[in-house]
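Work through the exercises below with the sequence and the coordinates at hand, and try each task before reading its solution.

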Amino acid sequence: MSRSSPPPASPSGSRSASPSASASPAGCVAGHAEVTVAPGDPVERQLCIRPGTVVTLVLRPRVDDRRWTAVNTSAPAFVVVSGWRRDTDGTAHASLRSAGTRGGTARITALAKAPDVAGAARPAFTLRVSVVPYPTQG
């Protein structure tokens, strides 16, 4: 059985660029991007960004008893978590910054757990980020 890759974040709702951002011809976002995760959305997405892009990850409240607790990055040299905030309604916000010139990939993992259960939080959402440098002219 073959495993299909998750769909990329779409411009209609799950990924949106701010007015200062522009999508490159290759489909990578530059400037600022927002990824919103709501109950019922896929647990894994992909996002292509250009170096220097800031991504806002908005994690809507969960429908189970688990709450968003943190966001981790697998490769801080390419994408670093620069901010974390959880609202009183359960919505969590993470700010992600990509490297200024380097290209590579990072796995951003959002963790969630029930507040009254002992043990570590478990991954509940994964954003696979590809940082693609601008082409150079030779």
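The exercises that follow concern a predicted model, and each task is followed by a stepwise solution.

**Exercise 1. The disulfide**

Find the disulfide, place its two cysteines in the chain, and determine its handedness.

Solution. Begin with the sulfur atoms: a search of the whole structure finds one disulfide, and this bond joins Cys28 to Cys48 with an S to S distance of 1.7 Å. Next, locate the partners, which link distant parts of the chain, since Cys28 belongs to the loop between strand 2 (22–23) and strand 3 (29–30) while Cys48 lies in strand 5 (residues 44–49), 20 residues apart. Then take the torsion about the S-S bond of Cys28 and Cys48, which is about 50 degrees, so the disulfide is right-handed. Finally, check the surroundings: both Cys28 and Cys48 are buried.

**Exercise 2. Strand 5 and its partner**

Describe how far strand 5 is covered, and how strand 5 is joined to strand 11.

Solution. Counting along strand 5, five of its six residues are buried, and the strand is thus mostly covered. Turning to the pairing, strand 5 and strand 11 run parallel and are joined by six bridges. As a point of reference in this pairing, Glu44 stands opposite Thr126 in strand 11.

**Exercise 3. The largest nonpolar core**

Which residues touch the most other members of the largest nonpolar core, and which strand gives the most to this core?

Solution. The largest nonpolar core has 26 residues, of which Leu57, Leu59 and Ile108 touch the most other members. Several strands each supply at least two residues of this core, among them strand 4 (32–37), strand 6 (54–59), strand 7 (67–73) and strand 10 (104–113). Strand 11 gives the most, with five residues. To look at one central member, set aside the neighbours of Ile108 within four places in sequence; the contacts of Ile108 then include Leu57, Val71, Leu96, Phe125 and Val129.

**Exercise 4. The setting of Ala124**

Is Ala124 buried or exposed, and which residues is Ala124 in contact with, leaving aside its neighbours within four places in sequence?

Solution. First, place Ala124 in strand 11. Its relative accessible area is 13%, and because burial is set at under 20%, Ala124 is buried. With the sequence neighbours left aside, Ala124 is in contact with Val43, Arg62, Arg66, Trp68, Ala110, Leu111 and Ala112. Two of these contacts deserve a further step: Arg62 lies over the face of Trp68, at 5.1 Å from the ring centre. As for aromatic pairs, the structure holds zero.

Notes: Residues numbered from 1 in each chain as written. Predicted model: local features only at pLDDT ≥ 70, side-chain atom pairs only at ≥ 80, totals over all residues. Heavy atoms only, no water. Phe/Tyr/Trp six-rings, centres within 6.5 Å; stacked < 30°, edge-to-face > 60°. Lys NZ or Arg CZ within 6 Å of the ring centre and 35° of its normal. Disulfide = S-S within 2.5 Å. Helix = DSSP H or I, 4+ residues; strand = E, 2+ residues; numbered from the N terminus. Buried < 20%, exposed > 50% of the residue type's maximum accessible area, 1.4 Å probe, protein only. Core = buried A, V, L, I, M, F, W, Y, C linked by side-chain atoms within 4.5 Å. Contact = heavy atoms within 4.5 Å. Pairing = 2+ DSSP bridges.
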